[in-house]
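User: I've got a model open and I keep tripping over the labels people use for it. Can we go through why each one applies?

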Amino acid sequence: GRALPTPDETRFFTISNQKGGVGKTTTTVNVAAALAQAGLNVLVVDIDPQGNASTALGIEHHAEVESIYDVLINDVPLEDVIAPCPDFDTLCVAPATIHLAGAEIELVSLVAREQRLRRALDEYAKYREKHGMPRLDYVFVDCPPSLGLLTVNAFVAAREVLIPIQCEYYALEGLSQLLKNIEMIQKHLNSELVVSTILLTMYDGRTNLAAQVAQEVREHFPNEVLEAVIPRSVRISEAPSYQQTVITYDKSSTGALSYMEAAAEIADRGVSS
Ligand code: ADP
Ligand code: MG
């Protein structure tokens with residue numbers, strides 16, 4: 001892949017969609033990998049109790065591993081739980097464990113319950129600076145498919161929302177609810193949050209429906225939708241079972257190339273001209 005520009009400051013993304021199975025995790029890990037492959041410093045924060053992003057990036061996340069749960073609930077510093085991704089020098093991961101499933105309830109009674117991830121990320125940026133480590137270029141938070149306190153923490157920690165949309169009949173219906181929730185967050189908790197990026201995923205070029213939905217989404221969000229479209233691809237869905245992203249699993253596949261294109265567009269958009 002070509003060299004990608006370094007952003008002027010760390011870009012914080014949350015990958016959100018209240019629907020499950022739309023490609024949130026797949027998009028998180030593959031965009032992160034494509035940026036890291038270009039030499040950019042990337043952190044993936046997994047806050048889905050399923051831990052699928054941790055798995056795909058080859059990071060241990062069994063119940064005994066110190067994880068983002070300990071960061072959010074027990075004030076453990078991020079640097080204590082972050083692990084390097086074996087396939088990319090500049091990619092690291094804060095893994096999720098099954099303990100996170102209880103965190104929604106435990107967070108309720110904690111001080112600054114909506115701000116805990118943001119604070120941990122602020123502290124971690126200071127830690128990197130203090131230890132002469134390069135500034136992070138990108139942080140991606142992979143969310144569970146619900147609007148609980150975990151997702152709220154991601155919305156408060158992020159500046160940008162990346163919404164993966166599956167090109168199917170109900171795509172836009174779910175989207176309006178998501179946008180309402182984001183407006184609520186903007187109003188009460190994080191006025192800087194913007195939906196900067198929409199990515200069409202699992203695109204099946206053989207169906208008229210996919211083309212129609214894609215066109216409709218582009219009409220509604222002309223500035224947000226990336227030109228790159230992620231095709232439905234067996235290689236993309238196989239990669240996680242080898243604890244890999246498609247970027248290393250099959251780097252010349254259409255799936256890998258489309259995620260590299262998407263990452264390049266994201267990187268180009270983040271640079272002030
Ligand atoms: P979410 O995180 O939104 O629940 P995932 O990223 O886990 O969604 O994707 C759901 C399922 O679809 C997974 O099994 C994943 O491997 C598969 N998948 C995701 N993107 C693609 C794609 N472009 N082509 C084929 N399968 C895909
Ligand atoms: Mg997921």
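Analyst: Sure, here is a run through the labels and the values behind them. This is a predicted model, where local features need pLDDT of at least 70 and side-chain atom pairs count only at pLDDT 80 or more, while totals for chains, interfaces and linings use all residues. Residues are numbered from 1 along each chain as its sequence is written, and chains are lettered from A and ligands numbered from 1 in the order in which they are written.

User: What is the mean pLDDT of the protein?

Analyst: pLDDT is the predictor's confidence in each residue, from 0 to 100. Here the mean is 95, and 99% of the residues reach 70 or more. The model also scores ipTM 0.99 and pTM 0.97.

User: Why is H1 called roughly perpendicular to H12?

Analyst: Helices are DSSP runs of H or I with at least four residues, strands are runs of E with at least two, and both are numbered from the N terminus. Axes are lines fitted to C-alpha atoms, for helices over the stretch in contact, and angles run from 0 to 180 degrees between N-to-C directions. Under 35 degrees counts as roughly parallel, over 145 as roughly antiparallel, 65 to 115 as roughly perpendicular and the rest as oblique. The axes of H1 and H12 cross at roughly 70°, so the pair is roughly perpendicular.

User: Which residues of H1 and H12 make the contact?

Analyst: Contact means C-beta atoms, placed from the backbone, within 7 Å. On H1 that gives Asn 30, Val 31, Ala 34 and Leu 35, facing a set on H12 that includes Tyr 259, Met 260 and Ile 266.

User: What makes H6 and H7 oblique?

Analyst: Their axes are 7 Å apart, at an angle of about 45°. That value falls in none of the named ranges, so H6 and H7 are oblique to each other. In H6, Arg 116, Leu 117, Arg 118 and Leu 121 meet Asn 153, Ala 154, Val 156 and Ala 157 of H7.

User: Why do E3 and E8 stand at the edges?

Analyst: Two strands pair if DSSP finds at least two bridges between them. The open sheet has eight strands in the order E3-E4-E2-E5-E1-E6-E7-E8, with mixed pairing. E3 and E8 each have a single partner strand, so one side of each is left without a neighbour in the sheet. As for pairing, E1 and E6 run parallel and are joined by three bridges.

User: Which residues come nearest to ligand 1?

Analyst: Near means a C-beta atom, placed from the backbone, within 6 Å. Of the 17 residues around ligand 1, Lys 24, Thr 25, Thr 26, Ile 236 and Ser 237 come nearest. H1 gives the largest share of that shell, three residues.

Methods
Two residues are in contact if their C-beta atoms, placed from the backbone, lie within 7 Å.
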